[in-house]
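Hello,

Here is the structure I promised to pass on. Please have a look, and then read my notes below.

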Protein chains: 2
Amino acid sequence: MTTIQDVARKAHVGVATVSRVLNESGYVKAETRERILDAIRELNYTPNAVARNLYHRKTGIVALIVPEISHPYFAEFIDAAEAVLYGCGYQCMICNTKREQNYEAYYLDLLKQQRVDGIITGVHTLDIEQYRQIDRPIVALDRQLGSHIPCVAVNHEEGGRMAAEALIRSGCRKVLQVTGQSHVSTPSNRRHEVFEQVIRESGGECINYLSKWNRFSYSYHREAALEIAENYPDIDGFFSTDVITAAVLHAMKEKGRRCPEDFSAVAYDGTFVSRLPYPELTTIVQPISELAETCVDLLMKQIRGDVLSETNIRLNVIYRQGATTA
Amino acid sequence: MTTIQDVARKAHVGVATVSRVLNESGYVKAETRERILDAIRELNYTPNAVARNLYHRKTGIVALIVPEISHPYFAEFIDAAEAVLYGCGYQCMICNTKREQNYEAYYLDLLKQQRVDGIITGVHTLDIEQYRQIDRPIVALDRQLGSHIPCVAVNHEEGGRMAAEALIRSGCRKVLQVTGQSHVSTPSNRRHEVFEQVIRESGGECINYLSKWNRFSYSYHREAALEIAENYPDIDGFFSTDVITAAVLHAMKEKGRRCPEDFSAVAYDGTFVSRLPYPELTTIVQPISELAETCVDLLMKQIRGDVLSETNIRLNVIYRQGATTA
DNA sequence: TTCGTGTATGGAACCCATCCCATAAAATGA
DNA sequence: TCATTTTATGGGATGGGTTCCATACACGAA
């Protein structure tokens with residue numbers, strides 16, 4: 001690989017002058033500049049980014065930690081975050097934890113090693129304590145990792161309420177919602193509490209189906225859906241994520257239970273998956289792009305060293321009427 | 001940040017000795033090692049990865065260039081590739097081109113800047129010439145970028161044939177397939193040629209619907225689907241990707257055309273999306289994990305400096321019977 | 001006793017940039 | 001003409017590691 005030394009030698013100048021040309025800083029005589037640019041062209045020289053990173057003590061890379069890249073919610077989040085980060089001059093490293101906590105610890109280390117300038121994490125298997133030790137830019141998506149780490153999420157209470165009300169409007173009396181493992185309290189778990197409460201208050205019955213699989217790949221969702229259709233064919237209302245709801249609609253149809261004739265359903269997330277099933281899903285839309293923008297914004301502020309005025313941000317969800325509710 | 005110097009000072013040794021302990025190489029007296037390890041613990045020292053990268057002239061990062069992260073095919077590919085790369089000790093940087101060719105050029109530069117050790121690209125908007133200039137590890141997914149860059153794809157001819165035959169078996173006489181912009185010849189375009197040929201040979205009519213949008217986001221697919229349902233409600237067979245097929249099934253149903261009663265459909269890719277619609281899609285499955293494994297394998301060989309025996313790899317597709325064909 | 005050989009350690013070059021600072025010439029002003 | 005200021009340039013320290021090589025001691029063999 002050609003280095004700045006090679007360029008300097010070829011142009012008969014010192015490396016400092018070449019550097020000045022490269023960074024367009026300081027004084028360089030027009031004539032000298034041309035000679036250096038020629039040398040750069042001839043040698044097909046490109047500055048080594050790692051050496052620059054070393055000097056500047058930053059890499060221009062942000063890590064996105066997610067439990068599963070191909071889950072539509074995270075895929076759309078990554079898509080959006082990547083676009084915003086690109087606009088800020090940052091590259092984006094993806095880290096798939098697949099629910100293994102050693103992965104998460106490994107990825108957190110990227111920060112200590114100065115391999116990345118910041119982390120946006122949508123994962124929370126580790127102890128909060130392990131995050132507390134790190135005093136570097138981190139933003140959590142939908143995860144409460146302690147007071148010093150900003151958390152960006154939607155207003156899940158509102159989401160849970162909207163979902164419950166949609167089912168109540170559809171006349172549901174016996175509804176089932178799929179809840180996640182809640183050994184760690186996440187903002188997103190709040191929606192299930194509110195959902196249940198609102199359903200109960202309406203006099204309806206609310207079954208909480210605890211997803212055994214704390215996993216995000218579709219095969220698990222599908223199995224859960226089959227189990228639900230098998231064991232609870234008589235529910236008249238259903239609430240879960242887009243993907244699981246789509247899977248349940250499918251499984252129910254196999255059992256001869258049609259939506260919305262025999263039961264209603266409200267989904268959550270508002271990814272493209274909610275538009276795929278027929279009928280289209282009524283869903284509580286999370287503004288994924290805005291979540292990504294907000295996460296990046298908070299991260300950039302930390303990287304710049306700004307003081308964060310707000311560390312607990314809640315965006316609004318949007319109710320999108322499909323055809324799975326009245 | 002604490003450096004190896006700080007550790008050396010604290011342990012009263014030279015930096016070389018600390019380095020030896022860190023890398024478990026060379027001779028270090030047990031007693032000295034303990035003293036150094038203590039110092040590392042006390043200072044909470046982590047070696048700076050950028051400095052290491054500079055010396056070793058490698059970063060342990062591979063870039064994945066895709067046109068759209070959240071498209072299920074690419075999302076599942078990234079998911080799989082990330083896992084394999086992790087196993088090889090590599091991190092994974094994602095680059096979304098969104099069909100803008102300046103993005104692709106920008107990302108290719110990451111290689112020249114030595115920011116990444118290799119690139120796996122699923123994108124091909126640039127001239128082959130621009131790839132030819134780069135003599136560093138690159139693997140192309142489903143793209144022919146010139147003889148020196150290995151290309152990994154499935155046997156699309158076989159896929160096109162399987163799809164056509166499935167529709168013929170279902171008795172289709174007037175089928176429509178969605179083809180992409182083919183200003184650049186990609187292996188994947190071959191399936192449409194074979195598909196058309198096989199349909200024609202069976203005496204059927206084959207309409208090639210050229211997707212105006214050379215885009216991968218769902219809103220475009222959906223619009224295309226609505227247009228197809230509007231303009232070609234009388235087709236009895238359909239062939240496209242999972243996502244577009246799902247969208248067309250949806251749009252057709254709105255028009256009162258049911259699948260498989262009124263028309264048959266075969267999809268392509270075999271992502272989780274093929275399992276979401278009801279009825280489940282008959283689809284030609286691309287072995288996405290194997291594609292990813294193969295790409296990574298070829299990339300690692302290049303990084304190691306091995307000579308590639310084969311640079312044009314074709315994996316087999318799998319026919320998966322759903323309920324959209326007989 | 002002397003000559004390896006294995007063990008143990010640290011100085012310094014190296015990886016490839018950036019940039020401070022010293023130096024000097026040219027341009028400007030008094 | 002002399003004193004400043006501006007322009008122009010390069011040496012060398014710096015960022016934080018790795019590793020070659022020189023040095024030195026201990027120990028067994030000749």
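A definition to begin with: Ala, Val, Leu, Ile, Met, Phe, Trp, Tyr, Cys and Pro count as nonpolar, Asp, Glu, Lys and Arg as charged, and the others, Gly among them, as polar. By these classes, the surface near DNA strand C has 12 nonpolar, 10 polar and 4 charged residues, where a residue is near a strand if one of its heavy atoms lies within 4 Å of it.

Please note that this is a predicted model, in which local features need pLDDT of at least 70 and side-chain atom pairs count only at pLDDT 80 or more, while totals for chains, interfaces and linings use all residues. Residues are numbered from 1 along each chain as its sequence is written, chains are lettered from A and ligands numbered from 1 in the order in which they are written, and side-chain values use heavy atoms, with hydrogens and water left out.

Now more on the DNA. Strand C is surrounded by 26 residues, the closest being A:Ile4, A:Arg52, B:Thr17, B:Tyr27 and B:Thr32. Sugar or phosphate accounts for 72% of the strand C atoms within 4 Å of the protein, and bases for the rest. Phosphate oxygens of strand C lie 2.5 Å from a polar side-chain atom of B:Thr32, 2.8 Å from a side-chain N or O atom of A:Ser19 and 3.2 Å from a polar side-chain atom of A:Asn23. Two or more residues of this surface come from each of α2 (15-23) and α4 in chain A, and likewise from α2 (15-23) and α4 (49-56) in chain B. α4(A) gives the most, with 4 residues. Helices here are DSSP runs of H or I with at least four residues, and strands are runs of E with at least two, numbered from the N terminus.

Then there is the protein interface. Chain A and chain B each bring 55 residues to the contact (heavy atoms within 4.5 Å). About 5,400 Å² is buried between them, 60% of it on carbon and sulfur atoms; this is the accessible area (1.4 Å probe) lost on putting the two parts together, summed over both.

The two chains also share 4 salt bridges, each a side-chain nitrogen of Lys or Arg within 4 Å of a carboxyl oxygen of Asp or Glu. One joins B:Arg222 to A:Glu280, at 2.6 Å from N to O.

Finally, β2(A) and β2 (residues 91-96) of chain B pair antiparallel over 3 bridges (pairing needs at least two DSSP bridges). There, A:Cys92 has B:Ile94 as its bridge partner.

Best wishes

Key: A polar contact is a pair of N or O atoms within 3.5 Å; within protein, one must be able to donate a hydrogen and the other to accept it, and residues adjacent in sequence count only if both atoms are side-chain atoms.
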